[in-house]
Each structure stands twice: as C-alpha cells, then as structure tokens.
Amino acid sequence: TGADITYHEETLKRYLKGRGYTPLAVNEGLAVVLAELASESFTGIGISWGGGMCNVALSYLSIPSLAFSIAQGGDFIDSAVGSVVHESATRVKAIKEDNLDLSRSRDDKIKKALHIYYDKLIETLVDELHRAVARSQKLPRTDKPLPIVLAGGTAMPAGFRDRFEQTLRKRTLPFEVGDVRLAKDPLTATARGALVAGLAER
C-alpha cells in the first residue's frame, strides 16, 4: 500500500542521511525509462514488473508526468496459482522461472493457471494505466508515439511482451503507443536507471 511504501522509503532515507548520504527516491518505472530510452530523449513509458508490485512511469524528457503502482506482481501470481492447484508458491515460482512460455497454450494444470493469472495481472495494470491517464491533468503534448519498455523478473517468460501488447492495444489512450519492447536486461534495468538518476544529481 501507499502507507507501506512511505514508511519504508522514509526509513531508508533517514538511515542514509544519518550516514552522510543524500538519498534520492526514484520510481522504478522511471528508472526503466532512464536505463532504456536514452536514444528517445528519455521519453516514453517504463514498467517494472516486480515480485511484490508493478511500477509505472510516463516520462517526457526524463521528467515523470505520471507515475503509479499496483500492489500485485510475480508473488501474487505464485500464491494465487498455488492456491488453486494446491501446490506451494515456491514450486509454482520454480516452474514459472524455469520454462514458462506464454505464447503456447498448455494442458498442464499449473501452467494453465499461470496463463490465467498472468492475463489477470496484465489486465489489471492496463486498466489502471487507462484510469490514471484519464485522470491526469499534465500529460505531455507530443505528436510522436510513446515507446513502452517492460522490465523486471515477472516480465521475463517467453511470450509476455506479446501478451501485454495485445491487451494494451485493445484500449484507447489519448496518445499513440510506439513500439513495446523488453529491456535489454530486465533484471538489472531498474538498478541501471537508478545509477543514471544518481549520476545526474552529482
């Protein structure tokens, strides 16, 4: 929840300040933009699909115009699938990370459930993106299509990018969406983007 994030962020800030550092909080979605969209002048949408949360930022020239999170991610998929197929979330996670291919339908009950809950997570995020954009009063004015970059471990199964893009393009947004791509290294994109942000503040 937002309260949890505030608590953890402030705790870390106070810890770092107490040791002589100047902390800078960076939304993970913005970090994805900073890591992956230098050639697009840091303009586009970054989405970090993490374990506990998914973080989204729409950036224009490195300035976030819109940022939000949903409190679901890979852990939600693992626990939900484990619950319906009566397996441990740990076993589900191992199967998911080993050979899950979202581009192929499966008869196996665990993989079938993984497909269902991946679709649910993607739909939840796309719905929230649509709502957040509709509420926003400060979207950038640009005629160029906005690229979208996906990062994080939850985005790594084969077929995830295509599944996300298919769901996204069914919705009408007030801007044109450009290419939808997976980060060069989905697991390190947010860390690399945080480094870019830190170096820019020096």
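Biologist: Which backbone nitrogen does the side chain of aspartate 108 reach at 2.8 Å?

Modeller: That of lysine 111; the same side chain also reaches the backbone nitrogen of isoleucine 110, at 3.1 Å. Please note that this is a predicted model, in which local features need pLDDT of at least 70 and side-chain atom pairs count only at pLDDT 80 or more, while totals for chains, interfaces and linings use all residues. Residues are numbered from 1 along each chain as its sequence is written, and side-chain values use heavy atoms, leaving out hydrogens and water.

Biologist: Where does aspartate 108 lie?

Modeller: Aspartate 108 is in the loop between helix H4 (89-99) and helix H5 (109-135). With 40% relative accessibility, aspartate 108 counts as partly exposed, that is, between buried (under 20% relative accessible area) and exposed (over 50%), using a 1.4 Å probe and protein chains only.

Biologist: How is the packing of two helices described?

Modeller: One gives the angle between their axes and the distance between the axes. Here, helix H3 (residues 74-85) and H5 pack at about 135°, with axes 9 Å apart. H3 and H5 are therefore oblique to each other, a class for angles that are not under 35, over 145 or from 65 to 115 degrees.

Biologist: Which residues of H3 make the contact with H5?

Modeller: Phe76, Ile77, Ala80, Val81, Val84 and Val85 do so, where contact means heavy atoms within 4.5 Å. On H5, the partners include Lys109, Ile110 and Tyr117.

Key. Helix = DSSP H or I, 4+ residues; strand = E, 2+ residues; numbered from the N terminus. Polar contact = N/O pair within 3.5 Å; in protein donor to acceptor, adjacent residues only side chain to side chain. Axes fitted to C-alpha atoms, helices over the stretch in contact; angles between N-to-C directions.
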